[in-house]
Amino acid sequence: MNNFIFQNATKVYFGQGCVKEYLSCLTKKAESILLAYGGGSIKRTGIYDEVTDLLSAAGKTIVEFPGIMANPTYQKVQEGAKLARENNVDMILAVGGGSVMDCCKAISLAARYEGDIWEDFWARPGVIDVEPLPLGVIVTVAGTGSESNGGAVITNEEKKIKTGRDYPKLNPKFALMDPTYTYSVPVGQMVSGGFDILSHIMETYFSEPDEDNVSDDIMEALMKSVIRNLRAAIQNPEDYAARSNLMWDSTMAENRIIKMGKKCDFECHNMEHQLGAYTDCNHGRGLAVLHPVYYRHIYKEGLPKFVRFAQNVWGISREGKTDEQLALAGIDALGDFIKEIGLPTSLKELGVTDKAMLKEIADSCGISAGSYKKMTHEEILEIFNECFE
Ligand code: NZQ
Ligand code: ZN
């Protein structure tokens, strides 16, 4: 394995009833709390009432910050930071999915920083010496794994850039994860989040080193778990075992454990993020369109791993197949699964209707150093064109 340093500062409280049991204790030191959430699902599901009742009973001042959109914008981050400063809050509580958690991570930094966090942090490598406002999260949808890392993906609408940074200081102090909170997620969003989990694992698995390493073994188990439990949760949205497995799969995919010793690719994420910056498409759905086509472009450079994927993840037998046929059968199985769970297979289905804009989007994509095959902007455009319809 390659050398690494590992730390994960987030304390996870997992399971049915965890919010009721632990929230008051976890917010004990805070007097004033910025309660951040999305477009209102938490009001419909009763999560909002549960959380505010607990905070009010503990005598907290609640400063509400609603309306965090999918693909959160830098403008929204600035709004939240202003509100946090004006009200002198001493903790942020993010209740939602990746969009709410990511926006709140950025707010926790922006609220404590005098300069422009986009220019000084998101847009360039390096760190800034700021202690972010303490952040706790209550997860309501499984997918990004944002609860367990310092990563935050923010869209700068003006510059048409959607990009993420992983800064260990932005790891939430605590994550409350009650799988029953995810029962109400609409099936379309559930499979999108599920595919995002699978994508995070594949983007790590399909990268060097390929010699025997425990991270690859863990990833195969995780991928099989995501596939099995997504199928079960589609059948029965209130299957606790399926929902709890998916919720923990999502954390396991992004809590840095499986990345140890791996180069990581994440080129599909680079491409999807820029599609998102230009078209505001849904993250997991965008990934579903791109992955099979991207893998048909790179499999020859990582052939043994694609063979292993076909056999160990999809259970495809070698029987009379060459390595190349086996690798392609694994990618086909992935494509079939995408169709089976109702995810889109073309950019058109994703809502991207203007083919002419694809060149500009392709040219704006970051190039991953960890891919089996280093992309060029020309090849990214080829992939986009192949995905178009
Ligand atoms: O906004 P509300 O009304 O709450 O509705 C949300 C939203 O419409 C709904 N939802 C959430 N919990 C629900 C629910 N509906 C019913 N019942 C519930 N319990 O689900 C919709 C999607 O929410 P969102 O937070 O946008 O989804 P997701 O968790 O997939 O997050 C996507 C964002 O995270 C970024 C993506 O790029 C995208 O911006 N990512 C963050 C990463 C990270 N920080 O590590 C890594 C990922 O690769 C990803 O890039
Ligand atoms: Zn993702």
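Is Arg256 buried or exposed? Hold on to that one for a moment, everyone, and thanks for coming. What we have on the screen is a predicted model, so please keep that in mind as we walk through it.

Back to the arginine. Arg256 is buried, because its relative accessible area is 13% and the cut-off for buried is under 20%. You will find Arg256 in the loop that links helix 9, residues 240-254, to helix 10. Its backbone deserves a look too: Arg256 is not a glycine, yet its phi is positive, about 80°.

The loop between helix 9 and helix 10 also holds Cys264. This cysteine, again a non-glycine residue, has a positive phi of about 75°. Cys264 counts as buried, because its relative accessible area is 14%.

Who sits against Cys264? One of the residues that touch it is Thr204, which belongs to helix 7. Setting aside residues up to four places away in sequence, Thr204 touches Met219, Ile258, Lys259, Lys262, Cys264 and Phe266. With a relative accessible area of 0%, Thr204 is buried.

Let's stay with helix 7, which covers residues 187-205, and move to Phe195. Phe195 is at 0% relative accessibility, so it counts as buried. Leaving out neighbours within four places in sequence, its contacts are Met202, Leu230, Gly284, Leu287, Ala288, His291, Leu334, Ile338 and Leu343. For a sense of how the chain folds back here, take Phe195 and Pro344: they are 149 residues apart along the chain, and 11 Å separates their C-alpha atoms.

Following the chain out of helix 7, we get to the loop that runs to helix 8, residues 214-235, and Pro209 lies in that loop. The peptide bond between Glu208 and Pro209 is cis, with omega about -5°.

Now helix 8 itself. Its 22 residues reach 32 Å from the first C-alpha to the last, close to the 32 Å expected at 1.5 Å a residue. Its buried residues include Ser215, Asp216, Met219, Glu220, Leu222 and Met223. Further along, the buried set also includes Ser225, Val226, Ile227, Asn229, Leu230 and Ala233. Two of these names should sound familiar: Met219 is among the contacts of Thr204, and Leu230 is among those of Phe195. The buried residues of helix 8 pack against helix 7, helix 9, helix 12 (303-312) and helix 13 (323-340).

Next, helix 10, residues 267-279. How many of its 13 residues are buried? The count is 11, so helix 10 is largely enclosed by the rest of the structure. Among the buried ones are Glu267, Cys268, His269, Met271, Glu272 and His273. Gln274, Leu275, Gly276, Ala277 and Tyr278 are buried as well. Its length works out nicely: 13 residues at 1.5 Å each should span 18 Å, and the end C-alpha atoms are indeed 18 Å apart. Just after helix 10 comes Asp280, with a positive phi of about 60°.

A quick word on the cysteines. How many disulfides does the model have? The count is 0. Cys281 is in no disulfide, and the nearest cysteine sulfur, in Cys365, is 11 Å away. Cys281 counts as buried, because its relative accessibility is 5%. As for Cys387, the closest cysteine sulfur is that of Cys268, and at 8.2 Å the separation is too far for a bond, since a disulfide needs the sulfurs within 2.5 Å. Cys387 is buried too, with a relative accessible area of 1%.

Let me finish back towards the start of the chain, with a pair of helices. Helix 1 and helix 3, the latter being residues 47-57, pack at an angle of about 35°, and their axes are 10 Å apart. Their crossing is right-handed. From helix 1, Val19, Lys20, Leu23 and Ser24 meet Glu50, Val51, Leu54 and Leu55 of helix 3. By class, that contact has 5 nonpolar, 1 polar and 2 charged residues.

One last stop is Lys28, in the loop between helix 1 (18-26) and strand 2 (32-37). In contrast to our opening arginine, which is buried, Lys28 counts as exposed, because its relative accessibility is 63%. Lys28 and Gly59 are 31 residues apart along the chain, with 9.8 Å between their C-alpha atoms. That's my tour; thanks for listening!

How values were computed:
Residues are numbered from 1 along each chain as its sequence is written. Chains are lettered from A and ligands numbered from 1 in the order in which they are written. This is a predicted model: local features need pLDDT of at least 70, side-chain atom pairs count only at pLDDT 80 or more; totals for chains, interfaces and linings use all residues. Side-chain values use heavy atoms; hydrogens and water are left out. Helices (H or I, at least four residues) and strands (E, at least two) are DSSP runs, numbered from the N terminus. Buried means under 20% relative accessible area, exposed over 50%, partly exposed in between (1.4 Å probe, protein chains only). Axes are lines fitted to C-alpha atoms, for helices over the stretch in contact, and angles run from 0 to 180 degrees between N-to-C directions. A crossing is left-handed if the near helix is turned anticlockwise from the far one by less than a right angle, and right-handed if clockwise. Contact means heavy atoms within 4.5 Å. Ala, Val, Leu, Ile, Met, Phe, Trp, Tyr, Cys and Pro count as nonpolar, Asp, Glu, Lys and Arg as charged, and the others, Gly among them, as polar. The expected span of a helix is 1.5 Å times one less than its number of residues.
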